[in-house]
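Let's take a walk through this one, starting with the whole chain and then zooming in on a couple of spots. Keep the viewer open as you read.

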Amino acid sequence: MDNSNITLLVVDDTATNLQVLTSIATGQGYNILLAQSGEEALQTAKEYHPDIVLLDIMMSEMDGFEVCRRLKADKDTRQIPVIFVTARTDVDAVEKGFDVGGDDYISKPFNDRVLLARLKTHIERYQLQREMTREHALMTSVLEDSPIMFCRFNNEKELEYINQALQFWFKDDFSKLLGKNLLKLYPDQQELDFIRHLDNITLKNQSDTKVFSSISRDGQIRYIQWTYRGVFDKNNNVTAYQCFGKDVTEQQLMIKKLNERNILLEHSQVAGKMMSWEMNIESNVISFEGNISDIIRGVENTLELQTLLKYVHPTDLQMFKDKYEEFTMADYPITSFFRVIVDDLTYSLRVHAFNEKDKNGHIIAYRGIVQDISELISFKEQSEHLKQEQTSILEAMGEGIAMFDLNHNIVQANNAAARFVGYQTANEIIGKKCYRIFHDRDEECVPCSVRDAIAAGKRVQTEKAYGKDRIWSVSSTPVYNNNGDVINVIEVLSDTTELHQQQRELILNRERLNTAFDAAKIGTFTIQLPQKKWVPDIQLMHLYDIDVTSNDLNLSLWYEHVYPEDLLLLTKAVEHFFKQKTNFGKFEFRHKEKNGTIKWFRCSMQIIERDKKGNPKLIIGVSIDISNEHKMLDTIKQQEETLAQSRKLKAMGQLTGGIAHDFNNMLATILGFAELLTDELEEDEELSYYCRNITDTCGRAATLTNQLLTFSRKQSKQTTAIDLHELIFSSIELLRHTLQKHIIIKHNLKAEEHYIMGEFTQLQNVLLNMGFNAQDAMSKGGTLEFQTENISIYEDDVPLFPVDIKPGNYIALYVIDTGIGMDKEVLSKIFEPFFTTKSAGKGTGLGLSSVYGTINAHNGSIYAESTPGEGSIFNIFFPVSALKPKKIKNIKKQQANKATRNGTILIIDDEESIRMMLTKSLHYFGYKVLEAKSGKEAIDLYMKNQEDIIATILDVIMPEMDGVQVYSELKKIDPDIRVLISSGFANNKQTNALKKMGVNGYLRKPFRKSELIDAIEAVLKDI
C-alpha cells in the first residue's frame, strides 16, 4: 500500500518516544510531522492538516487531554482522528480520553503491528469521511447551481423554494414571492400552468410527469417536462410538492419528427431565405430572380463576379475561387458554403450551381440557388451548445437516460445511466438486457415500466427501489414511427434519495443568507404601482428605524424618515425613475432616525414587471447603510488637505534653507569685517560703539537664520535619550515664571513609556514656543495643559491618520489651551514661516514654524485642531525610544595647547567677500594666506605649496566641485592634510559626508573672530 500521501502528526515532549514512533511510521512510508508541546501541536495541525494525530497524555504546560479538546473544538481540525499513545492505563484516563473526543487509545508498551493496524483503520475512516464531506458539499451546491429547474410548494400550493435556473427561465424574481400562491397572484400567466397539475398528486399517484408547452419571451415554442413528487406525513396527508423542470424541446422535436430529415431546409424555404440566380457566361454578370436585398442587405439585383469576390469573407476567398474553377471545368452540379461581408454584416450562404446547355451540348448559362443559412448555422451552434449543456446538466444532476427496444435491449444510453449501476461508460451496457443491468434479474420485471408506457401510449412516471436504500424516479416515454407503431421506449432515471437532505440544507443556506444581510446592513423592499405600495422587509424596517407594527406601508412612510434637505431630490429622482424606460435606478440619500441620528443609504431599484402600456408595475429594491463609507470619504478628504499642507511646508522648508545658507554667508562676511574694524578702531569710542552694534545685530540675525534652518530641518541636532516627562516638568517650571499670572498651567502625563531620542534644548524651545503661542491666544486668562499617552500605529491606521506618519509605537503629547481658537484659513497657515496674526513689529512668524521644523527633525509629526472660541489642541507624536537617559558626569575641560601662529593657511571658498574677511582675520593673527575660489584652483595651489600649507579652511557648498569632491582629491595628494570645514548647515548631506571622511574640525557660519582662531588652534594643536 502506498502511504506516501498520508501524513502523521506525532506529539510527545520526550525525544526518545518521538524517535520510536517516527521510526515505526516512516518504515511504512508515512510522512511525519513532529511536535514537542501542546501549543506546537495545535499550530502544526491547523497549518498542515495531517491525516491522523498520535498524542501523548503526560506533557508539561498543556497535557494531551487539553490538546485533544482544542483540536475537536476547532472546525478546521475536528475531523482529524486522535489516538492517545500513553503509559497511563487507568480507567479514568481512558474514559477522559474518549470524553474529550479521542478516537482510540493505545497503551505503552505497544505492539508495532497493533499500532499500524489501528493507524490504517482510522486513516481509511478519516479519508472516507473527507470524501463523503466533499460529495455532500457537491450535492448541496448542485441543486442551486444546476440549470435544471426546481421548486417546492406546501400543501396550500404556496411557494416555499425556487432555484436560480427556474428564475432565469421565467425572468422573474420569484424569491420575493416565497409564501405566496402564484396562481392567485398571476391567474392568466401561461407559464404557471404546470402548478395546476399538482392536483393530480395523490396518495395513489405520488409522482407524475407532464410536459407543458409555452411561448418563450423571444416568441419561440418551448417544451418543459415537469416531474412531480408528493411528500406525505405518517397519516398519508400531503405536506409538500416537489417539482423538477427541464427544457425538453429538442427531445420533443426528435420524438415527434424523428423521420423528417430536411426540416431545417424546409424552414429556410418557408422563411424566404432562398433565391434563384443566373450568370451570363460571357460577361460574368450575375442576376437574381427576386430582390436579393431581402436576403443580403445592400446588394444589387445585378452584380459582376468581381464585385461578388470583394464581398467574400477573406478566410473563405481562396476556397470560393477553387470551387468556382472546379464548377467551370466540371460537368456536374457543385454545392459550396461560404461567407460574405456586406456593410459590416456577415452572412453564411449555401450555393447550389449547375450549367445550362443547348441541344448541341454547349454551355449557355450558369444557374443555381443561393440560400442564407446564417440562422441555420446559428441554430446548429446553439443546438450543439444546448446538447452539450443538457449532457452536463444530466450528469451534474445524476440523471441517466436510456433507450430500449421492444425486447428490453438497451440500444442507447448516456454515461450517467451507466454509472447508476456501477459502470463507467454507456458502451459497457449498450446491447444488454435492461432488467439484468438495472435490476440484476434474469427475466422481465413485473410490473415493467417499459410495458406500462407502451400500454398507456404516453409518458409514465414511476418510482422504483434499487438496492437496499436507494430510490429511483423513472420517466418512461414511448417512441413511434411514421405508421404510429411503438419502436422504442426512452427512460429517464433520477436518484432522489438525497432530496430531503438537500432540502434541509437549502433551508439552512437561506438562513445563512439572511444572517449575511443583517451583518452587511442590507434591507430589501418592493414597490407596487400605480398604488405606490411600499413593502419593506423586517431588516429594512430596522435599518430605517420604522415601527414594525405599522400597517400604512407606502412611499409616504419611507419619505417621512428621509433627511429634509434630501427629500425633494429623492422624490423627484424616484418619480423620474417610474417614468423612464430603463429598468435600473440608483440613489443616495440621508435618513433621519427617531433619536436624531443621520445615516447615509444607497438604494438600488429594478423594474421586474410592466403593464401592457409599458408602465412599471412591480419594482424590487435593495437599500444599504453606507454611513461608514461616507465617514471614510470625509476622512480621506481631510487627509488630502493635510497632505497638501505638509507638501507645501516641505517646499517652503527647502526655500528657507537656501535663503538661510546665503544669508549665513553674508552674515559671516559682515561679522568678520565688523570685528576686524572693532580692533582697528578700539581707541575711537564712538566708532567702536557703532562696530559693536553691527556685531550684536549680526548675532540676532544669526539667531533668525537658526530658526529658519530649524524649520527646514537643516539645524544641528545632538541626539540623546530624553525623558519627555522630565522635559515637560522643566519647561512648565520656566513657563510659570514667564507667562502671565492669570494663565493656569496643568499637566496630565499618563504615558508609561516616555523616553524619546532628541536634543534637549531644541525640544525645550518647542514647549516654550507652544506656551508663548498659547499666552497670545489667552489675553484674558485661561488654562494651558500638557497631556501624554502611549499609542500604537499599525499599517492599516496609516492611511486614516491626519498627517504623514510611519507605523510604530509613539508617545502622544497634547498641548491644549482654552484661548480664542482659530478658523480653518488661519489653521492651514500657522506652520508657515513669517505667518503671524499679530500686528506689525510684534512677531516674526517663526515660532510655530521652528516648532514644526524641530519636531520633523526628531522624526515626529504635528497637527493642530481648533474651533473659533473653543481653544486649540496641538497633537505631537514622537517615536518611543528603548534607550534611557544617561547620568551626566562632570568632566573637567582640559585647556588646549595653543599652536604657534605662523605658517600658511589655504582658504577655499567661492564667495570673494568670505575669502577677504578670512584673509584679513588670519593676517591679524599672524598667519600667511593662500586663496582659491574653486576646487580646481585649490588643488593646483596645494600641489605647488604643499610644504608651506599647515591647514586648509574649506567651504562645503560650492559650484562645479563641492567640498566632498575637493577634500577627496586633497586627501589623495596629502593623506595627513588638516582641514577645517566651514558651512551654515551643520547636518546636511555634504557636511555629514565630510565628517565621516575624517575632517579635523567644523566651523559654523556666521562665526566670530575668537571662534575662528579657537577652531584653527584645535586643528593645529598636535603640531
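Before anything else, keep in mind that this is a predicted model. As for how the chain is wired together, 57% of its contacts with a separation of 6 or more are between residues 24 or more positions apart. The secondary structure adds up to 31 helices and 38 strands. Of the chain's 1023 residues, 43% count as buried. On the outside, the chain exposes about 56,500 Å², and carbon and sulfur atoms supply 50% of that.

Now for the inside. The largest nonpolar core has 35 residues, and L784, F786 and F874 are the ones with the most contacts inside it. Several elements put in at least two residues each, among them helix 23 (724-738), strand 28 (743-749), strand 30 (782-793) and strand 31 (808-817). Helix 24 gives the most, with 6 residues.

F786 is a good place to park the camera. Setting aside its neighbours within four places in sequence, F786 touches I728, I732 and L735, then a run from I745 through K746, H747 and N748 to L749, and also L767, L813, Y814 and V815.

For a second stop, go to T44, which sits in helix 2 (residues 38-48). Is T44 buried or exposed? T44 counts as buried because its relative accessible area is 11%, and the cut-off for buried is under 20%. Beyond the neighbours within four places in sequence, T44 is in contact with L9, L33 and H49.

How values were computed: Residues are numbered from 1 along each chain as its sequence is written. This is a predicted model: local features need pLDDT of at least 70, side-chain atom pairs count only at pLDDT 80 or more; totals for chains, interfaces and linings use all residues. Side-chain values use heavy atoms; hydrogens and water are left out. Helices (H or I, at least four residues) and strands (E, at least two) are DSSP runs, numbered from the N terminus. Buried means under 20% relative accessible area, exposed over 50%, partly exposed in between (1.4 Å probe, protein chains only). Contact means heavy atoms within 4.5 Å. Accessible areas come from the Shrake-Rupley method with a 1.4 Å probe; for residues, only the protein chains shown count as cover. A nonpolar core is a set of buried Ala, Val, Leu, Ile, Met, Phe, Trp, Tyr and Cys residues joined through side-chain atoms within 4.5 Å.
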